[in-house]
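Colleague: Could you walk me through this fold and its ring contacts?

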Amino acid sequence: MTMTETAEQPDVPFRREIRSFVRREGRMTDAQKRALDDLWPQYGVEMPAAPLDLTALFGRDAPRVFEIGFGMGDYLHSRVVAEPQRDFFGVEVHRPGVGRLLHRVASAGARNLRVACDDAVVLLRDGIPDAALDEIVIQFPDPWHKARHNKRRLIQPAFAALAVRKLKPDGLLSLATDWAPYAEHMLDVLNAEPGLRNLSETGTYVPRPATRLKTKFEARGERLGHEVFDLAFARR
């Protein structure tokens with residue numbers, strides 16, 4: 001995930017006092033660094049002081065997908081290339097991952113992507129207009145599995161309400177985790193949000209969406225015996 005401290009907005013109930021991510025910069029390859037230096041002016045977005053004009057940002061009015069914490073960018077790259085009719089906005093604080101994604105997307109000649117290296121929740125709250133998104137994607141967020149750290153989990157009631165505000169009617173909130181207790185927590189929180197409708201026929205989990213690329217991270221988890229849980233909710 002991606003996030004920086006911000007002052008509380010008096011007209012917005014969501015507070016950003018507890019981060020749900022840790023910055024781990026890691027080693028950046030020369031290609032990743034060049035991509036960040038050369039491609040940021042084309043694809044990068046700095047934290048805005050006011051809601052963005054997304055039509056102006058992308059140069060068109062198209063369905064919009066917002067991904068929080070895209071990691072090394074495999075999933076986001078696959079959708080950007082496969083769905084040129086959609087515009088994608090990804091937020092990630094791991095700069096090597098951002099550089100890798102920019103290099104791959106530019107090599108594919110895709111133009112339907114914008115990225116930010118900031119706090120995704122703050123950007124979603126302050127930089128994205130209400131009812132502007134067709135889909136919000138959150139894949140394998142940090143489960144903060146120790147009980148004393150559970151408060152750091154991204155999926156909380158206030159975030160669920162924020163997602164409802166930013167989605168268009170019938171817009172999709174798509175999530176995945178390989179940590180069973182966090183999956184149960186997500187279900188409890190999102191099923192309790194009156195603005196969301198669980199798309200599972202049983203009120204629990206959904207099959208893996210065709211759009212969700214199986215990443216190396218997920219394959220490693222499966223080898224370790226981790227089950228993956230997919231969730232899908234629509235704004236009422």
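Colleague: In what order do the seven strands of the open sheet lie, and which stand at the edges?

Modeller: This is a predicted model, where local features need pLDDT of at least 70, side-chain atom pairs count only at pLDDT 80 or more, and totals for chains, interfaces and linings use all residues. Residues are numbered from 1 along each chain as its sequence is written, and side-chain values use heavy atoms, leaving out hydrogens and water. The pairing is mixed and the order is 3-2-1-4-5-7-6 (strands are DSSP runs of E, at least two residues, numbered from the N terminus; two pair if DSSP finds at least two bridges between them). One side of each edge strand lacks a neighbour in the sheet, because each has a single partner: these are strand 3 (113-116) and strand 6 (196-198).

Colleague: Which parts does the Phe 66 and Phe 89 pair tie together?

Modeller: Happy to say! The two rings are tilted, 5.5 Å centre to centre with 45 degrees between the planes (rings of Phe, Tyr and Trp, its six-membered ring, pair if their centres lie within 6.5 Å; planes under 30 degrees apart count as stacked, over 60 as edge-to-face and the rest as tilted). The pair joins parts 23 residues apart in sequence, since Phe 66 and Phe 89 lie in strand 1 and strand 2.

Colleague: Is Phe 66 buried or exposed?

Modeller: Buried means under 20% relative accessible area, exposed over 50%, and partly exposed in between (1.4 Å probe, protein chains only). The relative accessibility of Phe 66 is 0%, so Phe 66 counts as buried.

Note on methods. Helix = DSSP H or I, 4+ residues; strand = E, 2+ residues; numbered from the N terminus.
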